[in-house]
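Colleague: Please take a close look at one part of this model for me. I would like to know what lines the second largest pocket, and how the helices around that part are arranged.

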Amino acid sequence: MDRHIFLIGMPGSGKSALGRRVAGKMQLPYLDMDVYLTEVTGMDTAQLYQRFGDQAFRDAETRLLQELVGVTPGIISTGGGTCLRPENRALMKNHGVIVYIDRPLDDIMSNFRAEKRPLLAQKSREEVEALFNERLPIYSGLADITMNNGNGFQNGLAALEEVVSRFC
């Protein structure tokens, strides 16, 4: 594999679960940006947001992404807001294939855990829906490939495996 595969999408879309599973099965390097930031700082994403705020969290994501584009290519699950910054979009475009994991909002809302999704946990359904609608054009416009993850985990796995196999 000569390029990274960046997984983008809303929190709860399945980026981490699918990315980790496919990378393991295909014996590819894998990194979850949120997990990595948690390991490095000793704080989970909710604690990072609470203590430092959105700007500092986004700055940390950008620094991490700048480092990651120089390592052995693999599958990278990005945070839901990583692609909001133009410099992050450029880094991903220049160093990989971008796969948008599209999952219906009802599915996202039905099984997210508040401690893992601080951005969603503090918002009403209407606010999450507005965020979803605000980000959708960014995700869609940035994606090289859009993958539907609304038909069950096994179908999502098969779809992502097919996508990744094209680039290995």
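**The second largest pocket and helix α3**

Modeller: The largest contribution to the lining of the second largest pocket comes from α3, which gives nine residues. This is a predicted model, and α3 in it covers residues 45–68. The pocket holds about 230 Å³ of space. Its lining has 13 residues, and those closest to the centre of the pocket are L37, V40, T41, A60 and R63. Two elements, α2 and α3, give two or more residues to this lining. By class, the lining of the second largest pocket has nine nonpolar residues, one polar residue and three charged ones.

Next, the two helices themselves. Helix α2 (residues 33–41) packs against α3 at an angle of about 110 degrees, and their axes are 10 Å apart. Angles of 65 to 115 degrees count as roughly perpendicular, so α2 is roughly perpendicular to α3. The crossing of α2 past α3 is right-handed. On the α2 side, the contact is made by M33, D34, Y36, L37, T38 and T41. On the α3 side, T45, L48, F57, A60, E61, L64, L65 and L68 take part. Sorted by class, the contact of α2 with α3 comprises nine nonpolar, three polar and two charged residues. Some names occur in both lists: L37, T41 and A60 belong to this contact, and L37, T41 and A60 are also among the residues closest to the centre of the second largest pocket.

Helix α3 also packs against another helix. Helix α4 (residues 86–95) lies at an angle of about 20 degrees to α3, with the two axes 10 Å apart. Angles under 35 degrees count as roughly parallel, and α3 and α4 are therefore roughly parallel to each other. Their crossing is left-handed. T62, L65 and Q66 of α3 make this contact with E87, N88, L91 and M92 of α4. The contact of α3 with α4 has three nonpolar residues, three polar and one charged. L65 is part of the contact of α3 with α4, and L65 also belongs to the contact of α2 with α3.

To put the parts together: α3 is roughly perpendicular to α2 and roughly parallel to α4. The crossing with α2 is right-handed, whereas the crossing with α4 is left-handed. As for the pocket, α2 and α3 are the elements that give two or more residues to its lining.

Methods
Residues numbered from 1 in each chain as written. Predicted model: local features only at pLDDT ≥ 70, side-chain atom pairs only at ≥ 80, totals over all residues. Heavy atoms only, no water. Axes fitted to C-alpha atoms, helices over the stretch in contact; angles between N-to-C directions. Helix = DSSP H or I, 4+ residues; strand = E, 2+ residues; numbered from the N terminus. Parallel < 35°, antiparallel > 145°, perpendicular 65-115°, else oblique. Left-handed = near helix turned anticlockwise from the far one by under 90°. Contact = heavy atoms within 4.5 Å. Nonpolar A, V, L, I, M, F, W, Y, C, P; charged D, E, K, R; others polar. 1 Å grid on protein atoms, 1.4 Å probe; cavity = no way out; pocket = protein on both sides within 12 Å on 5 of 7 lines; lining within 4 Å. Points joined across faces, edges and corners; volume = space filled by probe spheres on them.
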